[in-house]
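Trainee: Hi! Could we look through a structure together? I'd like to learn how to read one.

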Amino acid sequence: MEREDLLAAARAAAEHAYAPYSRFHVGAAAVMETPEGELVATGANVENASYGLTICAERVALASLFQMLPAGATPRVIQVAIACIDAPEDASDEARVPCGACRQWLAELAPEAIYYVDGVARDLALPDLLPLAFQLKRKPRSQRARARVEPGASRSRHSAASSKSV
Ligand code: THU
């Protein structure tokens with residue numbers, strides 16, 4: 001998608017922020033490449049009276065985007081746009097870029113994306129935002145702790161209740 005179109009989507013999403021405490025409305029829009037074409041999701045910040053429970057626009061957008069991914073498909077997020085529509089025109093770049101928690105999410109879910117930040121001239125990449133990002137090696141599926149129930153397999157009430165897994 002064009003840079004300006006994705007930024008426009010992020011700005012539009014910011015209008016839907018729930019930000020009664022900060023009055024700082026942020027929007028994000030992210031694009032994922034799939035074999036069937038590109039998927040786009042947007043998000044805005046949702047605040048909470050218990051301030052630390054607030055969720056940022058970037059994480060809302062990424063969570064939505066990943067719900068759209070076809071089951072079993074490999075995610076590849078290619079573009080992310082972020083807009084802080086209440087930042088004053090002369091706000092520094094630091095007042096417009098993603099917070100640290102979101103950067104860790106972006107490192108996990110959008111490591112290859114190009115980042116467009118409204119009001120920041122230069123497009124960014126993940127290493128600009130979070131150098132030396134913390135990562136863990138992924139375990140192959142076979143090593144997952146969770147046992148999958150075969151489709152169609154029936155489980156008694158008792159076994160279903162007692163087979164909680166993490
Ligand atoms: N916020 C975001 O949505 N994304 C960021 O990366 C930085 C901060 C939100 C959280 C809070 O609702 C408001 O902006 C002020 O911090």
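Trainee: Let me start with one residue: which strand does Val77 lie in?

Mentor: Val77 lies in strand 3. A strand here is a DSSP run of E with at least two residues, while a helix is a run of H or I with at least four, and both are numbered from the N terminus. This is a predicted model, numbered from 1 along each chain as its sequence is written. Local features need pLDDT of at least 70, side-chain atom pairs count only at pLDDT 80 or more, totals for chains, interfaces and linings use all residues, and side-chain values use heavy atoms, with hydrogens and water left out.

Trainee: Is Val77 buried or exposed?

Mentor: Val77 is buried, with a relative accessible area of 2%. Buried means under 20%, exposed means over 50%, and partly exposed is in between, using a 1.4 Å probe and protein chains only.

Trainee: And which residues is Val77 in contact with?

Mentor: Leaving aside neighbours within four places in sequence, the contacts of Val77 include Ala30, Val31, Leu65, Phe66 and Leu109. Contact means heavy atoms within 4.5 Å.

Trainee: OK, zooming out. How many helices and strands does the protein have?

Mentor: There are five helices and five strands, and along the sequence they follow the pattern α-β-β-α-β-α-β-β-α-α.

Trainee: What order do the strands take in the sheet?

Mentor: The five strands form an open sheet in the order 2-1-3-4-5, with mixed pairing. Two strands pair if DSSP finds at least two bridges between them. Strand 2 (37-44) and strand 5 (124-125) stand at the edges with a single partner strand each, so one side of each has no neighbour in the sheet.

Trainee: How does strand 5 pair with strand 4?

Mentor: They pair in the antiparallel sense over two bridges. In strand 5, Ala125 is the bridge partner of Ile114.

Trainee: New topic: which residues are around the ligand?

Mentor: Among them are Phe24, Asn45, Glu47, Glu58 and Cys99. A residue counts if one of its heavy atoms lies within 4 Å of the ligand.

Trainee: What lies 2.5 Å from an oxygen atom of the ligand?

Mentor: That is a polar side-chain atom of Glu47. For Glu58, a polar side-chain atom lies 2.8 Å from a ligand oxygen atom. With Cys99, a backbone N or O atom lies 2.8 Å from an oxygen atom of the ligand.

Conventions: Polar contact = N/O pair within 3.5 Å; in protein donor to acceptor, adjacent residues only side chain to side chain.
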